[in-house]
Structures are given as structure tokens and as C-alpha cells.
Amino acid sequence: MKRLLPNLRATLPVKMAGLLVFFWLAVFVLNSLWPLPPLYPDGPATVVVSRDGEILRSFGDRQGVHRYNVTLADVDPFYIQALLNYEDRWFYWHPGFNPVSVVRAAWQWASNGYVVSGGSTLTMQVARLIDPHARSITGKLKQLWRALQLEWYYSKDEILTFYLNLAPFGGNIAGVEAASRRYFNTTAGHLTKNEAALLVVLPQKPSLYRPDRYPDTAQAMRNKVLDRLHGSGLLGDKATRHLKQEAVELRRSDNTTLAPLLSRMLREQYPDRHVIETTLDAVIQQRVARLLLKVKRQLPAHSSAAVLVVDNQTANVLAYQGSVDFQDNSRFAHVDMTQAIPKGSPALSMTLPMI
């Protein structure tokens, strides 16, 4: 026995080094065969915003999904706490998957013959969103591999940010910012606790929990989240009772599209951007749009008009209305009159500092 110990001590580092080399080779081969797909496979869903952050126009991705990308700092901290508590308490500690949940899901599959619960972490949910898979064992293994890749290439905060921007919230909207604006007419940074609790659970079954279609189901699921948060100590008894008594209250935005032709032009110039910031003043832009609607009544048929407001000191464009009415095709709604050159006038080249 004493003779064997020195041999074990001598060979153990060699064996460990061999296992490490084998592991890295396996990772390299797998990563070469199945590289991580694009995080936004259907391209960016672009929003054009004013200088104070007001959305002027939103463009969907190639699938028509609208998404307003945000960072962690843009989102209400209570929503982040509730999300991690309800969906993935060990998010900042696990390697992309929760071993206990995976074992439980495997046991349920073996007992029932089909996938009962996925045991998905937030990382695994991001993996499924960027690379959808079938509800099968093969699909689950694929999801696990993608989760490991995400953990390898990105930090935990980056992965959480991907979830905030990719999670489905019903219809053609994705991401917590788009959902906050669509359902509650607010930003993700100003959600109430009830609004945050509802948006935490909505991505689980967005077509069935939509508050605009199934308010009773949405309220029941929201209360389920509140109960979980109460059990975890994030909400007190009184606060939980009070919040559960509130009905789901939707506040839809009545804002119309602003500076549509400018937004279209900028998106064509910057097709890969999620957010395009401009120097436009949203208040001035709204006033100009209303002014042209009044002017429209005095114009001859099949005619249009445009207004360009520029700050003389900075040369920044404050308002850009390219046609008299973007909804009136009889007045050449989609022709940008600010770019038109009067007949007989020399061509002008003008660069405007709009972004």
C-alpha cells in the first residue's frame, strides 16, 4: 500500500491534465459544430427616440416583433428581484442550468414518458429564445448546450439583460420595456409592484396570461407571484393583502407615430441599431404635426406640405414633418417633402446633425 501512494501522487497530476485537455478539446469541437446563433436571429427591432427619450416610431424585426432594448439600470429594481425570486433564485451561482431541476425533470420524463417540466433557468430560457427547440430530450440537451455556451461567452448581467429584451409578452411584443409601454403606458423603470409581478409571470404563457384578453387569469397569476414574493420575505403581510386586492389596470398609450418619414430614413441608414437617438424635441414635433393637420384642410386636393424646425445656435433639428398627413395616401403621405427640390432649383446637399 505504501508503495502505491507515491505512484498515485505522481500520476494524479498527469491524469488531471489529461482530463482537462480532453474537456477543452470536446468544448472546442462542439463549439465548432454547433456555434452560438445570433442573439437576435431576426435582426434588431428598432425604435427611434427623441432627445428626451420619447419613442417617435417603432419598427418590428423581420418577424414583425417590436422590442425596445434596455439595460439592467433602466429596469425597476423590484421587477429584477421578483423575476429572480420567481424564475431562478440561483441564477448568479449556477453554471447555466440547475442540476437539481434537471434531475427532477429527467425523473418526471422517465416516469411519464414525456417532458413534464423543463426546469429551465433564465439562461436556458434565453437559449430557447435564440434557438428554439422541440419539447423532447434531444431538444432539452440542445438547450443545455446553448445555456453553457451563453455562460461561457457572456457575464450573468449580460445574460439577464438578454432575457429582459427577448422574453415574449404576448402578441408581437417582446422585452419588458415594450410590454411596460404597451400594457401600462409607462417605462420598465417606473413599474408599480403589481405591474412588475404581472410582467414577471406573463412570459411563461404569454398567449394565455395576456391582461388585455384574459384579465381574470392574469390577476390570478399575478397573485401567485405576489404569494411567492411574500413567502420569500420580499413583501410583508399587509402589502401582499393590499396588492392582491387590486384589479389588473391597463393604461394604453394614445400616442401617435411622430416624425415617421425621418424615422424611416434613419432606420434605412442604421439598419443594425436597436435604438436610434435623435435631436428632435417630442413636444415641438407634436405641435408641428397638429399644425399641419390644420393646414391640410386649406390645401388643394392631392397636395402636401412639410416643416423642418432647426435650432439656429446648434443647428440641431427639433422637428421634422415630411408630409402633411402620414395617414393620407391621397396627399403623397410617404413622400418626404423636406427632401424635395423645387423644379428649376439647383440640387442642394445638406447634412443635419439628427443623431
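**Close-up 1. R228 and its positive surface patch.** R228 is partly exposed, with 31% relative accessible area, in this predicted model. That value just clears the patch cut-off, because patch residues need over 30% relative accessible area and no salt bridge. R228 sits in helix α9, which covers residues 215-231, and joins R89, K205 and K224 in a positive surface patch.

**Close-up 2. A salt bridge linking two loops.** Here the side chains of D281 and R51 meet, with 2.8 Å from N to O. D281 is in the loop between β5 and α12, while R51 is in the loop between β1 and β2, so this pair ties together parts that are 230 residues apart in sequence. Are the two partners buried or exposed? D281 counts as buried at 14% relative accessibility, whereas R51 counts as exposed at 52%.

**Close-up 3. A salt bridge within helix α7.** E177 and R181 pair up, their closest N and O atoms being 2.8 Å apart. They are four residues apart in helix α7 (residues 176-184), so about one helical turn separates them. E177 is buried at 7% relative accessibility, but R181 is partly exposed at 23%.

**Close-up 4. A salt bridge between E151 and K156.** These two side chains meet at 2.8 Å, N to O. E151 is buried, with a relative accessible area of 18%, and K156 is buried too, with 15%.

**Close-up 5. The β6-β7 hairpin.** Strands β6 (residues 307-310) and β7 (residues 317-321) pair in the antiparallel sense over four bridges. Look for V310, whose bridge partner in β7 is V317. Six residues lie between the strands, and A315 in the turn has a positive phi of about 65 degrees.

Note on methods
Residues are numbered from 1 along each chain as its sequence is written. This is a predicted model: local features need pLDDT of at least 70, side-chain atom pairs count only at pLDDT 80 or more; totals for chains, interfaces and linings use all residues. Side-chain values use heavy atoms; hydrogens and water are left out. Patches are made of residues with over 30% relative accessible area and no salt bridge: like charges are joined within 9 Å, nonpolar side chains (Val, Leu, Ile, Met, Phe, Trp, Tyr) within 5 Å. Accessible areas come from the Shrake-Rupley method with a 1.4 Å probe; for residues, only the protein chains shown count as cover. A salt bridge is a side-chain nitrogen of Lys or Arg within 4 Å of a carboxyl oxygen of Asp or Glu. Lys and Arg count as positive and Asp and Glu as negative; His and the chain ends are not counted. The place of a charge is taken as NZ of Lys, CZ of Arg, CG of Asp or CD of Glu. Buried means under 20% relative accessible area, exposed over 50%, partly exposed in between (1.4 Å probe, protein chains only). Two strands pair if DSSP finds at least two bridges between them.
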